Amino acid sequence: LNEWHWASNCFHDHVVQFAVLHRSELISMPGGEHSHREYQLHDQFRQQLEGFVQSFLEHHGSNLEALEAALQEAKACDDLCTRMSSEVVSEELLSLLEYEAFHRTMLQALADEGNRGTLPDALPTLHAFAEADLPEARQVVQESMKQKAEEAELYSALPAGYCQSGYQVPPAVSEQGT
């Protein structure tokens with residue numbers, strides 16, 4: 001389950017696609033508060049997520065009871081990496097089942113994926129949510145802009161020859177062999 005979760009980008013792609021798909025519906029709701037319709041939309045997402053997990057388990061010849069037992073076993077594991085990874089995956093999956101955690105994850109996923117440039121509709125959707133006064137959207141936009149500015153400042157301070165990952169690019173060898 002852990003590997004599948006990480007390979008699935010922690011479901012960020014699904015969360016972002018869901019937000020983009022329902023963008024017009026979400027921005028047409030009264031601003032400043034969560035609406036009953038948003039809860040209904042979240043229920044659709046929750047059902048999709050539960051379906052993904054169920055399909056994963058069926059594909060591996062397993063069921064929810066076996067998953068629960070495996071997660072309990074991982075909690076008691078002596079290997080810190082296994083224990084912590086399973087805990088993070090469990091918490092992330094369970095949090096997406098709760099509306100408020102899903103809402104915050106949706107906004108943050110739009111910011112993250114939009115800033116990476118991996119999903120082109122992510123940032124425009126987040127900004128549309130902020131303009132429509134969707135709860136917490138403006139805060140996420142402000143935090144995202146601040147983080148992006150801090151990263152730009154950090155990377156601009158790197159010496160020439162370093163790329164953003166911190167890897168030093170080897171100097172070019174001249175054609176004359178000097």
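What is the volume of the second largest pocket? About 170 Å³. Keep in mind on this tour that you are looking at a predicted model.

**Stop 1: the second largest pocket**

Select Asp112, Asn115, Arg116, Gln147, Lys148 and Glu151, and you have the lining of this pocket on screen. Now colour helices α7 and α9 (137-156): each of them supplies at least two residues of that lining. Try colouring the lining by class as well. You'll get 2 polar residues, 4 charged ones and no nonpolar ones.

**Stop 2: the largest pocket**

Next, move over to the largest pocket, which holds about 430 Å³ of space. It has 18 lining residues, and the ones closest to its centre are Leu64, Leu67, Leu71, Leu93 and Leu94, so select those five. Show helices α4 (36-59), α5 (64-75) and α6 (80-96) too, as these are the elements that give two or more residues to the lining of the largest pocket. By class, that lining has 9 nonpolar, 4 polar and 5 charged residues.

**Stop 3: the cavity**

Now for enclosed space. How many cavities of 30 Å³ or more does a search of the whole structure find? The search turns up 1, and about 50 Å³ of space lies in the largest cavity. To see its walls, select Phe18, Leu26, Glu38, Leu41, His42, Tyr99, Phe102, His103 and Met106. Two elements, α4 and α7, give two or more residues to this lining. The biggest share comes from α7, with 4 residues. Colour by class once more and the cavity lining shows 6 nonpolar, 2 polar and 1 charged residues.

**Stop 4: His42**

Stay with one residue of the cavity lining, His42. You'll find His42 in helix α4. Is His42 buried or exposed? His42 has a relative accessible area of 5%, and therefore counts as buried. Switch on contacts and leave out the neighbours within four places in sequence: His42 then touches Leu96, Leu97, Glu98, Tyr99 and Phe102. Two of these contacts, Tyr99 and Phe102, also appear in the lining of the largest cavity.

**Stop 5: where α2 meets α7**

Hide the rest and keep helix α2 (residues 12-21) and helix α7 (residues 99-116). Their axes come within 9 Å and cross at roughly 95 degrees, which means that α2 and α7 are roughly perpendicular to each other. On the α2 side, select His12, Asp13, Val15, Val16, Phe18 and Ala19. On the α7 side, pick Phe102, Thr105, Met106, Ala109, Leu110, Asp112 and Glu113. Sorted by class, the residues of this contact are 8 nonpolar, 2 polar and 3 charged.

A few of these names should ring a bell. Phe18, Phe102 and Met106 were among the residues lining the largest cavity, and Asp112 was one of those lining the second largest pocket.

**Stop 6: Leu119**

For the last stop, follow the chain past α7 and centre on Leu119, in the loop between α7 and α8 (122-131). How many residues apart in sequence are Leu119 and Asp13? They are separated by 106 residues, while their C-alpha atoms are 8.2 Å apart in space. Show the contacts of Leu119, not counting residues up to four places away in sequence, and you'll see Asp13, Val16, Glu113 and Gly114. Asp13, Val16 and Glu113 should look familiar, as they also take part in the contact of α2 with α7.

How values were computed:
Residues are numbered from 1 along each chain as its sequence is written. This is a predicted model: local features need pLDDT of at least 70, side-chain atom pairs count only at pLDDT 80 or more; totals for chains, interfaces and linings use all residues. Side-chain values use heavy atoms; hydrogens and water are left out. Axes are lines fitted to C-alpha atoms, for helices over the stretch in contact, and angles run from 0 to 180 degrees between N-to-C directions. Angles under 35 degrees count as roughly parallel, over 145 as roughly antiparallel, 65 to 115 as roughly perpendicular and the rest as oblique. Contact means heavy atoms within 4.5 Å. Ala, Val, Leu, Ile, Met, Phe, Trp, Tyr, Cys and Pro count as nonpolar, Asp, Glu, Lys and Arg as charged, and the others, Gly among them, as polar. On a 1 Å grid over the protein atoms alone, a cavity is a set of points where a 1.4 Å probe fits but cannot get out, and a pocket is an open set with protein on both sides within 12 Å along at least five of seven lines; lining residues have an atom within 4 Å of a point. Grid points are joined across faces, edges and corners, and a volume is the space filled by probe spheres set on the points. Buried means under 20% relative accessible area, exposed over 50%, partly exposed in between (1.4 Å probe, protein chains only).
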